[in-house]
Amino acid sequence: MYCRYCGNEIGENEKFCSNCGKGAESKSFSQKLYSHDITKLKTQKEMKSPGAAAAIGFFMGWIMLGPVGYIYLGQWNWFWLTFVIQILAYTLTFFIGAYIILPIIFALHQYQMAKDINELWKLDQQGAVVDEAGTDEDYREEV
Ligand SMILES: [Zn+2]
């Protein structure tokens, strides 16, 4: 685990960073959710609107296309994953339960995911600014 403030390595059992003294927080639910290779969030080139993501998930959810919201968020793995889960959910609940609940789940999750993506985006921008004086060739090419 690395300190989120200074990047110093922190032992799993340590509560504070030995370098900067800030608290080492344990992983949040969403960090765990996105820690696998398949579910890992992909950094986007621009900010995403949580409201738009929620609206897509909700309204498309009523025509069984809730996962489309993940395409808007640029998360294709999540699209395929939830697409498969959705089919299972419809089958297991004989359409009724999933039909009512899924639009709400997609709306809430895509809303939160858009926020998480924007956090990533901000970190990415900060990283790019820091790297400007350094060695980040990709960033220079983009500018
Ligand atoms: Zn630190």
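Which helix among the elements of the chain has the lowest mean pLDDT, and which has the highest?

## Confidence in the model

What you're looking at is a predicted model, so let's start with how sure the predictor is. Helix α6, residues 137–142, has the lowest mean pLDDT among the elements, at 50, while α3 has the highest, at 96. Across the whole chain the average pLDDT is 84, and 86% of the residues score at least 70.

## The overall layout

This one is built from helices: there are 6 of them and 0 strands. Reading from the N terminus, the order is simply α-α-α-α-α-α.

The chain has 143 residues, and 20% of them count as buried. Now take the contacts with a separation of 6 or more: 48% of those link residues that are 24 or more positions apart.

## Two helices, checked with a ruler

Helix α4 covers residues 76–92, which makes 17 residues. At 1.5 Å a residue it should span 24 Å, and its end C-alpha atoms are indeed 24 Å apart, so the two values agree. Just after α4 comes F94, with a positive phi of about 50 degrees.

You can play the same game with α2. It has 12 residues, and the distance from its first C-alpha to its last is 16 Å, close to the 16 Å expected at 1.5 Å a residue.

## The nonpolar core

In soluble globular proteins, nonpolar side chains tend to be buried together. Here, the largest nonpolar core holds 16 residues, and A53, L73, M113 and A114 touch the most other members. Helices α2 (50–61), α3 (68–72) and α5 (96–132) each supply at least two residues of this core. The largest share, 7 residues, comes from α5.

L73 is a good one to find in the structure. Leaving out residues up to four places away in sequence, L73 touches K48, A53, Q110, M113, A114 and I117.

## Where α2 meets V68

Which residues of α2 are buried? They are A53, A54, I56, G57, F58, M60 and G61.

Now look at V68, which sits in helix α3. Is V68 buried or exposed? V68 is buried, because 20 other C-beta atoms lie within 10 Å, and 20 or more is what it takes to count as buried. Setting aside neighbours within four places in sequence, V68 is in contact with I56 and M60. V68 and G57 are 11 residues apart in sequence, and their C-alpha atoms are 6.9 Å apart in space.

Definitions and conventions. Residues are numbered from 1 along each chain as its sequence is written. This is a predicted model: local features need pLDDT of at least 70, side-chain atom pairs count only at pLDDT 80 or more; totals for chains, interfaces and linings use all residues. Helices (H or I, at least four residues) and strands (E, at least two) are DSSP runs, numbered from the N terminus. A residue is buried if 20 or more other C-beta atoms lie within 10 Å of its own, exposed if 12 or fewer, and partly exposed in between; C-beta atoms are placed from the backbone. Two residues are in contact if their C-beta atoms, placed from the backbone, lie within 7 Å. A nonpolar core is a set of buried Ala, Val, Leu, Ile, Met, Phe, Trp, Tyr and Cys residues joined through C-beta atoms within 7 Å. pLDDT is the predictor's confidence in each residue, from 0 to 100. The expected span of a helix is 1.5 Å times one less than its number of residues.
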